[in-house]
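Me: Could you take a close look at one part of this model for me? I'd like to hear about the salt bridges and how buried or exposed their partners are.

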Amino acid sequence: MARNLWFQKEAARRLKGFSGDQHTIFSYSYAAGEIFTEAKQRGWRTVLGQIDPGPVEARLVSELYKKAGQKYAYEEIPGEYWDLWRREIALADKIVVNSAWSREALIAEGVAAEKIAIIPLAYEGKRQASRSQLVATFIPERPLRLLFLGQVTFRKGIDLVFEAMLLLPDLPIELDVVGPIQVDIPESVRHDARIRIRGPVRRSQTEAFYKQADLFLFPTYSDGFGLTQLEAMAAGLPVIASRFCGDVVQDGINGRVLQAMEADELADIIRELAEDPGQLSRLQENSYVEKRFHLDAIGRQLEDLFT
């Protein structure tokens, strides 16, 4: 909060050097209040870039950690933090969210629906070369290779991933878990030779993990968007995702979308794809970053915010 306040005051001070009455000021959530106050005094339009689903997500994550009862306790966000956020909401002429889920969450907090525009994140990562053809049958010597990459937290659904793996003890699958560990790893998971806990890696190393995987897992309970979905698709990886994130996966086209957010459901989808490499190959063929996520497309949407 102190860092956010310092940034706001410094940015607002610099705005005083701007002239004219036709400016539109964009600022990201949790660091916009003083900036918008200065802008409003100048008669300028304000756009808030809401980076996450706000208080709805905070409550959801708090409950996940309480339910788990692990040593990685969730730090409760003080009420003052949300009071400052609501001030930003009031000062914003438009609010940009990156997903329908974030829009739904903000409306649940009383934010006016007409203020909110959904504009996804942009991604133009270099498309990797075509992936090698999948085997006709997955076997222990060449299993289905699953990848979970990102923050290893309950919010991202790592509990569902671990439970699903343990529900499939005899299936020829293996899992790489890549990212900073923010949960206790169950002993049953640590003793499962099919599961490799890699921990955090350099950004430059992530491409290799995408390249060697067959399927990307993103069963997040809540995300403003989830850019790793697009990173995976740039690598030609199909994605199993939840609906509580950016609208990237088209169910049955370039991946699968979880409906019930249960380990059984995730396990059933993994089993289905492990037993039908042909289906997985078809999903791979359709897995690429669509033009709607390119910078020019996102730019046009931002330009049209007030029209």
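Reply: Glutamate 38 counts as buried in this predicted model, because its relative accessibility of 7% falls under the 20% limit. Its side chain meets that of lysine 16 in a salt bridge, with 2.9 Å from N to O. The two residues are 22 apart and link distant parts of the chain: glutamate 38 sits in helix α2 (residues 33-41), while lysine 16 belongs to the loop between α1 (2-15) and β1 (24-28). Unlike its buried partner, lysine 16 is exposed, with a relative accessible area of 52%.

Helix α2 also holds lysine 40, which pairs with aspartate 93 from the loop between α4 (79-91) and β3 (94-97). This pair, too, links distant parts of the chain, 53 residues apart. The closest N and O atoms of this salt bridge are 2.7 Å apart. Here aspartate 93 is partly exposed at 26% relative accessibility, and lysine 40 is partly exposed with a relative accessible area of 34%.

For a pair within one helix, turn to α12 (residues 295-303): arginine 300 and aspartate 296 are four residues apart there, so about one helical turn separates them. Their side chains meet in a salt bridge at 3.9 Å, N to O. Arginine 300 counts as partly exposed at 47%, and aspartate 296 is partly exposed at 46%. Elsewhere, salt bridges with shared partners join Arg145, Glu174, Asp176, Arg196 and Arg198 into one network. In total, the structure holds 25 salt bridges.

Notes. Residues numbered from 1 in each chain as written. Predicted model: local features only at pLDDT ≥ 70, side-chain atom pairs only at ≥ 80, totals over all residues. Heavy atoms only, no water. Salt bridge = Lys/Arg side-chain N within 4 Å of Asp/Glu carboxyl O. Buried < 20%, exposed > 50% of the residue type's maximum accessible area, 1.4 Å probe, protein only.
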